[in-house]
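I opened this model to look up a few places in turn. My notes follow in the order I took them.

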Amino acid sequence: MLDWLFKKNNNFSCDSLFSEKLTINSHGIVFDIGIHIDGKVNLDITSNTTSSVIRISKSGEVNGNLKADNILVNGVVKGDITAKGMVEVAANGKVTGNVHCNTFEGNRNAVFLGKIIERKK
């Protein structure tokens, strides 16, 4: 029925991809190794695996909590951030919420409204 979708020259375009290890439900988004957000997300984003990374790009916006090993914010986050490793807020980053991490790095042009709680290993 949808054979045309899998042909090489089919004119079908796609701007979103959900991997087989991604779960989305009413509690939020759960992923394994890495997730990159360019759009708007109104859910918590969590990884329960080691060596995980959340990247919020310049065009990305998350209204929810983030939890992973390492987190890079270059867009907007409204929620708490918890990282086992490092949290970096880049030049275009805007974070409203508390950050719990081992290492925090903020660009001088970033906007941060909240508390930073660094846990040393």
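Entry 1, strand β16. I began with V111, which lies in strand β16, residues 111–113. The model is predicted, and I kept that in mind throughout. I asked whether V111 is buried, partly exposed or exposed. Its relative accessible area is 38%, so V111 counts as partly exposed. Leaving out residues up to four places away in sequence, I found V111 touching G93, K94 and V95. I also looked up N92, which is 19 residues from V111 along the chain. The C-alpha atoms of N92 and V111 are 8.0 Å apart.

Entry 2, aromatic rings. I searched for aromatic pairs and the structure holds 1. The pair is F104 with F112, with ring centres 5.5 Å apart and planes at 55 degrees, so I noted it as tilted. The cut-off for edge-to-face is over 60 degrees, and for stacked under 30. I then checked F112 for exposure and found it partly exposed, at a relative accessible area of 25%.

Entry 3, a loop residue. I went to N102, in the loop between β14 (99–101) and β15 (103–106). Why does N102 count as buried? Its relative accessibility is 11%, and the cut-off for buried is under 20%. The side chain of N102 reaches the backbone oxygen of K84 at 2.4 Å.

Entry 4, the open sheet. I traced an open sheet of 7 strands in the order β1-β2-β5-β8-β11-β14-β17, and its pairing is mixed. Which strands stand at the edges? They are β1 (23–25) and β17 (116–118); each has a single partner strand, so one side of each has no neighbour in the sheet. From one strand to the next the twist averages 10 degrees. I looked closer at β2 and strand β5 (residues 45–47), which run parallel and are joined by 3 bridges. The bridge partner of I29 in β5 is I45.

Entry 5, the nonpolar core. I45 came up again in the largest nonpolar core, which has 22 residues. I45, I54, L66, I71 and I81 touch the most other members. I listed the elements that give two or more residues to this core; among them are β2 (28–31), β6 (53–56), β8 (66–68), β9 (70–73), β11 (81–83) and β14. Last, I took the contacts of L66, leaving aside neighbours within four places in sequence. L66 is in contact with I45, I54, I56, I71, V77, D80, I81 and T82.

Technical notes
Residues are numbered from 1 along each chain as its sequence is written. This is a predicted model: local features need pLDDT of at least 70, side-chain atom pairs count only at pLDDT 80 or more; totals for chains, interfaces and linings use all residues. Side-chain values use heavy atoms; hydrogens and water are left out. Rings of Phe, Tyr and Trp (its six-membered ring) pair if their centres lie within 6.5 Å; planes under 30 degrees apart count as stacked, over 60 as edge-to-face and the rest as tilted. Buried means under 20% relative accessible area, exposed over 50%, partly exposed in between (1.4 Å probe, protein chains only). A polar contact is a pair of N or O atoms within 3.5 Å; within protein, one must be able to donate a hydrogen and the other to accept it, and residues adjacent in sequence count only if both atoms are side-chain atoms. A nonpolar core is a set of buried Ala, Val, Leu, Ile, Met, Phe, Trp, Tyr and Cys residues joined through side-chain atoms within 4.5 Å. Contact means heavy atoms within 4.5 Å. Two strands pair if DSSP finds at least two bridges between them. Axes are lines fitted to C-alpha atoms, for helices over the stretch in contact, and angles run from 0 to 180 degrees between N-to-C directions.
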